[in-house]
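Me: I have the sequence and the coordinates open now, and I would like to go through them with you. Please start with the terms you will use for the secondary structure.

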Amino acid sequence: MSPTPQTTLVAPVTGEVIPIADVADPVFSSGALGEGYGVKPSGECAVHVVAPVTGEVTMVAGTGHALGFKTDDGLEVLLHLGVDTVELEGRPFALTPEVGDHVSAGDDLGTMDLAQVVEAGKDTLAYARLFALLRELGVEARLESIPEPVTDRGAAHAVDAFFDDVDSS
């Protein structure tokens with residue numbers, strides 16, 4: 001029997017990892033689009049945004065509020081920054097990747113200005129949606145925090161709780 005491929009998922013911003021069901025966007029939280037997770041950013045200023053997976057950048061929204069990735073295992077991931085932040089026309093985002101770039105999980109992608117998002121009355125939550133079901137691909141996913149200063153130590157506990165929920169489903 002061959003080993004199961006493994007994809008590491010990384011919290012895209014510093015903060016508390018939450019289950020996808022707790023995301024304020026009903027399209028994502030319903031689970032109808034698949035598995036995922038959210039991260040409530042910590043802090044009040046700009047936060048660094050990092051690649052949630054290792055793979056190719058397949059999409060960069062013109063407004064900077066969303067990026068797409070595809071791993072070597074075929075897992076497609078959408079990273080969405082904030083809820084309804086498309087309406088902000090890119091002002092809070094300073095992201096550098098371009099379609100076709102290869103990134104590693106945890107690579108710095110740029111920043112999101114939390115104060116601008118909050119001032120506009122939007123939710124700062126960052127969330128990732130996994131387009132291909134992990135079990136269908138035969139890929140084992142592991143969500144982990146990344147080194148200081150990009151994430152905080154509290155994320156590791158929340159990550160463990162997240163995967164306890166996923167494993168029990």
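Reply: Helices here are DSSP runs of H or I with at least four residues, strands are runs of E with at least two, and both are numbered from the N terminus. Please keep in mind throughout that this is a predicted model.

Me: How many helices and strands does the protein have, then?

Reply: By that assignment, the protein has four helices and 12 strands. Of its 169 residues, 47% count as buried, and the protein exposes about 8,200 Å², with carbon and sulfur atoms supplying 50% of that area.

Me: Before we go further, where is confidence lowest and where is it highest?

Reply: The mean pLDDT of the protein is 75, and 70% of its residues reach 70 or more. Confidence is lowest in helix α4, residues 154–168, where the mean is 39, and highest in strand β9, residues 102–103, at 96. Over residues 133–169 the pLDDT is below 50, although in the model this stretch has 76 contacts beyond near neighbours in sequence. Where pLDDT is low, the predicted coordinates should not be read in detail.

Me: OK, on to the strands. In what order do they sit in the open sheet?

Reply: Seven strands form that open sheet, in the order β2-β3-β11-β7-β6-β5-β9, and the pairing is antiparallel. The strands at the edges are β2 (15–19) and β9, and each has a single partner strand, so one side of each is left without a neighbour in the sheet.

Me: What is β9 paired with, and over how many bridges?

Reply: It pairs with strand β5, residues 55–60, in the antiparallel sense and over two bridges. If you want a place to look, Glu-56 stands opposite His-102 in β9. Glu-56 is also useful for finding Asp-72, since the C-alpha atoms of these two residues are separated by 8.2 Å while they sit 16 residues apart along the chain.

Me: And Asp-72 itself, is that buried or exposed?

Reply: Asp-72 is exposed, with a relative accessible area of 77%, and it is found in the loop between β6 (66–70) and β7.

Me: Which strands pair with β10?

Reply: Strand β4, residues 46–50, pairs with β10, residues 108–113, in the antiparallel sense over five bridges, and here Val-50 stands opposite Asp-108. Strand β8 also runs antiparallel to β10, with three bridges joining them, and in that pairing Thr-111 is the bridge partner of Ala-94.

Me: Changing topic: I tend to look at histidines. Is His-80 buried or exposed?

Reply: His-80, which is found in strand β7, is buried, and the reason for that label is its relative accessible area of 11%, as buried means under 20%.

Me: What does it touch?

Reply: Not counting residues up to four places away in sequence, His-80 touches His-65, Ala-66, Thr-85, Leu-125, Ala-126 and Tyr-127. A polar atom of its side chain also lies 2.7 Å from the backbone oxygen of Gly-82.

Me: How many salt bridges are there in the whole structure?

Reply: A search finds two salt bridges. In one of them, Lys-122 pairs with Glu-87, and the closest N and O atoms are 2.4 Å apart. Lys-122 lies in the loop between α2 (114–119) and β11 (123–130), whereas Glu-87 lies in the loop between β7 and β8, so the pair ties together parts that are 35 residues apart in sequence. In the other, Arg-91 pairs with Glu-89, with the closest N and O atoms 3.6 Å apart.

Me: Where is Glu-89?

Reply: Glu-89 lies in the loop between β7 and β8, and at 60% relative accessibility it counts as exposed. Its phi is near 55°, a positive value in a residue other than glycine.

Me: What is the phi of Asp-84?

Reply: Asp-84 has a positive phi of about 60°, although it is not a glycine. Most residues other than glycine have a negative phi. Asp-84 lies in the loop between β7 (76–83) and β8 (93–95), and it counts as partly exposed, at 42% relative accessibility.

Me: Last one: what share of the contacts join residues at least 24 apart?

Reply: Among contacts between residues at least 6 apart in sequence, 74% join residues at least 24 apart.

Notes:
Residues are numbered from 1 along each chain as its sequence is written. This is a predicted model: local features need pLDDT of at least 70, side-chain atom pairs count only at pLDDT 80 or more; totals for chains, interfaces and linings use all residues. Side-chain values use heavy atoms; hydrogens and water are left out. Buried means under 20% relative accessible area, exposed over 50%, partly exposed in between (1.4 Å probe, protein chains only). Two strands pair if DSSP finds at least two bridges between them. pLDDT is the predictor's confidence in each residue, from 0 to 100. Contact means heavy atoms within 4.5 Å. A polar contact is a pair of N or O atoms within 3.5 Å; within protein, one must be able to donate a hydrogen and the other to accept it, and residues adjacent in sequence count only if both atoms are side-chain atoms. Accessible areas come from the Shrake-Rupley method with a 1.4 Å probe; for residues, only the protein chains shown count as cover. A salt bridge is a side-chain nitrogen of Lys or Arg within 4 Å of a carboxyl oxygen of Asp or Glu.
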